[in-house]
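User: I would like to go through the labels attached to this model and see what each one rests on. Please set the values against the cut-offs.

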Amino acid sequence: MLVTQDLKDFSITSWYKTFENVTIKTIILEVPVEVVKWFQFQELSEPDEECSAEEIEADSPEIEEDSSLSLDFKDKLKNVFNVLGQTLFIKNNWHAPLDAKMFSVGHTLKAECIEDIRLYLKTSSIIQQDFANIKEIPFCLAIRKWMCIHPAAEFRCIVVNNILRGITPRDWPTFYPHFKEDSAQIIQSLLEFFTEFVKLKFLRTNYIVDIVLSYPDKPFILDFGPLNRKTNLYAFTWKDIGPLLNKDVDKEVAPVFRYLDSDIGIMNRAHALLKFQQEQNATYT
């Protein structure tokens with residue numbers, strides 16, 4: 001669970017304006033409390049056997065749900081579709097409803113209508129936990145034009161004391177043959193982008209930033225996140241990164257790009273890390 005300062009610093013409402021020119025165009029809508037309730041999952045209780053049909057119909061969720069989304073907010077959502085196009089991607093201040101992919105066509109999380117947005121938010125445990133646990137920060141919807149991004153183009157960059165120290169594919173552990181051949185170019189491209197557009201511009205000195213690197217297009221930012229023991233570091237472990245937080249570095253050091261350089265078959269993250277460490281014996285200096 002993010003602490004209050006993390007909630008403030010890593011909310012897209014805090015960083016979007018600063019990085020607007022190097023991230024996906026996003027329309028941010030603050031969500032009123034009554035609309036949050038409309039997006040929240042509510043279990044339906046069993047009707048009392050003695051209830052009449054009229055009473056059951058009066059309590060039906062369809063009637064309550066239709067009346068709980070204000071016309072003003074519905075109009076704002078419709079306007080977003082008109083501005084960004086008819087296929088959108090949604091997240092809240094911090095998270096996307098990635099665990100709701102099964103409810104979308106082709107597991108793409110494409111939102112083509114207001115009901116799609118509601119479905120993804122209501123069926124996502126990630127989003128519902130935010131609704132239930134976060135009280136300090138107003139909720140928002142960050143809505144973007146849906147893009148088809150190849151998994152091999154997404155990289156998690158680990159920043160320690162404002163220095164890019166680690167690079168890992170987000171699609172880990174998947175073997176991509178071109179990583180080995182193109183590793184030097186990948187490191188250079190991400191480092192140049194980080195140095196020019198990100199370094200010293202974000203609120204924190206320690207964080208992760210997810211960047212899409214897809215030639216011939218320019219790199220762009222997907223999201224920022226906190227750097228702590230609970231962070232998914234993919235090809236790295238906290239034992240790799242944690243000690244760097246208290247280690248002074250007098251000058252820039254080259255980031256480590258950790259990837260699979262051979263096809264190890266189907267493995268979970270833990271087994272892949274173990275095999276990688278055994279084969280690569282990678283260390284930080």
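Analyst: The model is a predicted one, and the answers below take its labels in turn.

User: Why is the pair of Phe 10 and Phe 202 called tilted?

Analyst: The ring centres of Phe 10 and Phe 202 are 5.4 Å apart and the planes meet at 40°. Rings pair if their centres lie within 6.5 Å, and planes under 30 degrees apart would be stacked, over 60 edge-to-face. The angle of 40° is in neither range, so the pair is tilted.

User: What makes this pair a link between distant parts of the chain?

Analyst: Phe 10 belongs to helix H1 (residues 4-10), while Phe 202 is in the loop between H9 and E6, 192 residues apart. Both Phe 10 and Phe 202 are buried.

User: Which cluster do ring pairs form with Phe 10 and Phe 202?

Analyst: Ring pairs join Phe 10 and Phe 202 with Trp 15, Phe 19, Tyr 207 and Phe 224. Phe 224 is also one of the two residues named for the most contacts inside the largest nonpolar core, the other being Phe 39. That core has 61 residues, and helix H9 (residues 178-198) gives the largest share, six residues.

User: Why is Phe 193 called buried and Phe 197 partly exposed?

Analyst: Phe 193 has a relative accessible area of 4%, and buried means under 20%, so Phe 193 is buried. Phe 197 stands at 31%; partly exposed lies between that cut-off and 50%, so Phe 197 is partly exposed.

User: How do you know that Phe 193 and Phe 197 are about one helical turn apart?

Analyst: They are four residues apart in helix H9, which means a separation of about one helical turn. Their rings also form a tilted pair, with centres 5.2 Å apart and planes at 40°.

User: Why does Tyr 234 count as buried?

Analyst: The relative accessibility of Tyr 234 is 12%. The cut-off for buried is under 20%, so Tyr 234 counts as buried. Tyr 234 lies in the loop between E7 and helix H10 (238-241), and its phi is positive, about 55°, although it is not a glycine.

User: How do you know that Arg 118 sits over the ring of Trp 38?

Analyst: Arg 118 lies over the face of Trp 38, at 4.1 Å from the ring centre. The distance cut-off is within 6 Å. Lys 110 lies over the face of Trp 146, at 4.5 Å from the ring centre.

Terms used:
Residues numbered from 1 in each chain as written. Predicted model: local features only at pLDDT ≥ 70, side-chain atom pairs only at ≥ 80, totals over all residues. Heavy atoms only, no water. Core = buried A, V, L, I, M, F, W, Y, C linked by side-chain atoms within 4.5 Å. Buried < 20%, exposed > 50% of the residue type's maximum accessible area, 1.4 Å probe, protein only. Helix = DSSP H or I, 4+ residues; strand = E, 2+ residues; numbered from the N terminus. Phe/Tyr/Trp six-rings, centres within 6.5 Å; stacked < 30°, edge-to-face > 60°. Lys NZ or Arg CZ within 6 Å of the ring centre and 35° of its normal.
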